[in-house]
Structures are given as C-alpha cells and as structure tokens.
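Please open the model in your viewer, with the sequence panel beside it, and follow the stops below in order. At each one you will be told what to select and what is there to be found.

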Amino acid sequence: MMNMGLYQKFPAEEAMLTDFKGYLINTLQVTNYQQVIDNVSRTLRYIQPSGDKVTLDFLLKSTETKDFLTQLRHADMGPATILNYIKNMIRFVQYLKTHLNLVAADPDFYRKCQAYIDHLTFLRKPVSKSNSKVTCKIRYDWFIEGEKSLRECQAVLRKAKKDMLSVYGRMLEGDHVASEEKTIFRYYCEAILILGHFLRPGAVEGLTISEWDERKNSGGKVCVAVSEHKTAMLDAYYTWIRPECIRSGVEHGNRLFVSTLGTKIRSATNDLCRLHFHLIFLPHCSYKLPNIKSQQVRRTVETDAAANLTEEQKASVAHYMAHSTAVANTTE
DNA sequence: CGACTTTCGCCACTTGCTGT
DNA sequence: ACAGCAAGTGGCGAAAGTCG
C-alpha cells in the first residue's frame, strides 16, 4: 500500500520549492511549512515523474492531477488528508502567480494558474462533501457508543495513586527511589495535567517552570476534579526529581518536564500511553486500562459541562480550556 | 425584504501512529 | 527515539435558512 509511487519527492533543494518555502516562512509566517512543502512536492512528483527541476507543465495537466487525487483515495487516505493536499497545491499555484518573471516569460501564465486553481477547487468539492460525511459519522458514533465518563477517563490516576503516594512518601523521607520509579512519577504528573487539568499534550510539553509557578498560585483552582494532593505531587516532582535530570550543557528551555537525559520532553501523549501500559506491572492491577487520549477527556469535559453546569460555570470551563491551549501556542 | 440565527467549508495548527 | 505522515480539532467567515 505504501508504495504506489505516491511518496516520491523532488530533491529538497529544488529551486521553486525552496522559494515557496521561503515565502511560507517569511511572508505568510506559516509555522508548519514542512508538511505543506512535502505535500506539494509529492503531488508535483506524481504529475512529473522525471527530472530534478519542477517545470510549469503541470499547470496544463489537469488529468494527471485528478489521477493523483484518485490514487490517494485508492491508498485509503481520508478525505481530510486529500483536502490538505488540494489546499497546499492551491497555495503553491497562488504563490506562483505572484512571480513577475514567469508572467514575463509567458503572457498566458496568469490565466493558466487561475484555470489550474479553478480546477483544483472543482475537484475539491466532492472531497469536501465526503469529509463532512466522515465527520458526521464520527460524531454519530460517539453519540451511539456514549461518552466515557470523566471518572472512567481518570481511572488511571486512581489506579496509580497508591504507588505514586508511596514514591512521594519515600522522597519526602529522603529514602531511595529507583530512577525508573521517578520516570513513572513524571508520567503520572503529566497525566494529572492532561486528565485532571485537561491540558493538551502540547501545552504540557511546553509548560515552563515560571508558568507552573503562576498557575499553581493563581489559576488552576477553577476547575473540577483537581485536588490539592495532586498539586503536591507536581511540586514533589519539581523539587526532588526535576533537578536530578538537569544536565549542564543540555538545553531544557526552562521546561517543567525534563526527560532523564536532561532535554525537554517530546511527547506527553506517549508518556501518558506509557503510564497506562505500566499499570500492567503493578501487583494489584493486573489488567490493562483502556488508553485514554487527551482528546477524549477534553471532549468528555466539554459535553459534561454543556449538560450539567450553569452558564457561569460553563464560561469558566471554556475559559479554562482555552487557557490550556494558549500555553501550547505561546511557547517555542 | 432585511435582521437574525444556524450550519457549512475551510484553514491553521495539533495530535497521534508507524516504520525504521 | 525519532522522523515522517495521516488525520483530528477549534475557530472563523461565508453561505444558507428562518422569522418578523
């Protein structure tokens, strides 16, 4: 499935694509430009299978363009993904239109670009339709199978609590704590923020020590289901575990969560997953809990809030959740 | 008809999975 | 562990309904 010739790309240093990249970065300030470039590069590569340079012939190859999108569908890609490819191509051609020297070389250039964009827009319509259907079905399925309750989502926190308190106690007493236990403890702290505070993984990864201090002292208390002892757990991590992970010469960007190698953590999602997995090995918990993703808790909280809270409380939750994402957007 | 509300379509960005 | 990719999320403006 992987190799239907859909993953070939132009060399990274290809001139036109490099220009486009610069435009995305400098003019449009697009942060995730790499995926845009990759998508465009693959599309063009399919249309023009040979040569190291992109030629403008693709503007006239509407059939090949359509074929490529059909191939993507045959490779079982979702409409959302195909939509992204189309969008990225439109942006690329829109950018080409601004190149005055290309217009000079071909007086018909502008019209060709526009025709190509129109064609893409036309091809996009049915894809967009089926994307709506997919979204609709997903929502419907959630509705049918029912949301997991907040309690179910947070089960992993309760299951691990006893062991984590034991680690906590030993750290408090200055007893020995194995490094593996410390890592699990870090996972647990991340889980508190994701499942208890409803932070996004990106927000957890980006959280800095100064942000943590602020949050601890002012905000944070607004929300349901976060008890004092959990704040204490995070403080314990901050006080006894984090300092041991800091290495001189290794950049940690003042992040609250630091891996054992001293770098900032890369994937809070992954850490949460490992915490779920780890519970298999706890003596009093021999079965595996379903792995709850951050998106699921956030969904649950939002539906719970919609159903059970007063307007004022809803506003408070909405504000809190918004803040949870804000952290992700303002860091890095 | 215009004001007002709801739904749709798209975009920017994020999350999460997978193969190496 | 990480790069590379697919797909989900939330917000926002445009389009489509709906009512006086």
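## The whole chain

Among the contacts in chain A between residues at least 6 apart in sequence, 68% join residues that are at least 24 apart. The model on your screen is a predicted one, and if you show chain A as a cartoon you will find that its secondary structure comes to 15 helices and 0 strands. Colouring by accessibility adds a further view of chain A, in which 41% of the 332 residues count as buried.

## Phenylalanine 10 and its surroundings

Select phenylalanine 10, which is found in the segment before α1. Is this side chain, phenylalanine 10, buried or exposed? With a relative accessible area of 5%, below the 20% limit, phenylalanine 10 counts as buried. Now display the residues in contact with phenylalanine 10, leaving aside its neighbours within four places in sequence: these are Leu17, Ser41, Leu44, Arg45, Gln48, Gly51, Asp52, Lys53 and Val54. If you also pick arginine 42, you will see that its C-alpha atom is separated by 7.3 Å from that of phenylalanine 10, although the two residues are 32 apart along the chain.

## Helix α4 and two helices packed against it

Next select helix α4, residues 79–97, together with helix α1, residues 15–27; the two pack at an angle of about 95°, with their axes 11 Å apart. Angles of 65 to 115 degrees count as roughly perpendicular, and α1 and α4 are therefore described in that way. On the α1 side, show Met16, Leu17, Asp19, Phe20, Tyr23 and Leu24, which meet Asn88, Arg91, Phe92, Tyr95 and Leu96 of α4. By class, this contact of α1 with α4 has 8 nonpolar, 1 polar and 2 charged residues.

Keep α4 in view and exchange α1 for α2, which packs with α4 at an angle of about 90°, the axes being 9 Å apart. That angle makes α2 roughly perpendicular to α4. The residues to display here are Gln35, Val36, Asn39, Val40, Arg42, Thr43 and Leu44 of α2, and Asn84, Tyr85, Asn88, Met89 and Phe92 of α4. Sorted by class, the contact of α2 with α4 has 6 nonpolar, 5 polar and 1 charged residues.

## DNA strand C

Select DNA strand C and the 16 residues that surround it, of which the closest are Tyr7, Gln35, Gly78, Thr81 and Arg266. Begin at tyrosine 7, where a polar side-chain atom lies 2.3 Å from a phosphate oxygen of strand C, and then move to lysine 9, where a polar side-chain atom lies 3.3 Å from a phosphate oxygen of the strand. Which part of DNA strand C does the side chain of glutamine 35 approach? Here an N or O atom of the glutamine 35 side chain is 2.9 Å from a base nitrogen. The elements that give two or more residues to the surface near strand C are α2 (33–47), α4 and α14, and α2 gives the most, with 3 residues. By class, this surface near strand C has 4 nonpolar, 4 polar and 8 charged residues. Of the atoms of strand C within 4 Å of the protein, 79% belong to sugar or phosphate, and the rest belong to bases.

## DNA strand B

Now turn to DNA strand B, which has 17 residues around it, with Asn32, Arg91, Ser128, Gly202 and Thr269 coming nearest. Three side chains deserve a distance label: in threonine 269 an N or O atom is 2.4 Å from a phosphate oxygen of strand B, in lysine 293 the corresponding distance is 3.2 Å, and in arginine 124 a polar side-chain atom lies 3.3 Å from a phosphate oxygen. The elements that give two or more residues to the surface near strand B are α4, α6 (109–145), α10 (201–206) and α14 (294–308); the largest share, 4 residues, comes from α6. The residues of this surface near strand B divide into 1 nonpolar, 10 polar and 6 charged. Of the strand B atoms within 4 Å of the protein, 88% belong to sugar or phosphate.

## A last stop at leucine 60

Finish by selecting leucine 60, in the loop between α2 and α3 (62–74). Leucine 60 is exposed, with a relative accessible area of 59%. Its C-alpha atom is separated by 7.3 Å from that of lysine 112, which is 52 residues away along the chain.

Note on methods: Residues numbered from 1 in each chain as written. Chains lettered and ligands numbered in written order. Predicted model: local features only at pLDDT ≥ 70, side-chain atom pairs only at ≥ 80, totals over all residues. Heavy atoms only, no water. Axes fitted to C-alpha atoms, helices over the stretch in contact; angles between N-to-C directions. Parallel < 35°, antiparallel > 145°, perpendicular 65-115°, else oblique. Contact = heavy atoms within 4.5 Å. Nonpolar A, V, L, I, M, F, W, Y, C, P; charged D, E, K, R; others polar. Near = heavy atom within 4 Å. Polar contact = N/O pair within 3.5 Å; in protein donor to acceptor, adjacent residues only side chain to side chain. Buried < 20%, exposed > 50% of the residue type's maximum accessible area, 1.4 Å probe, protein only.
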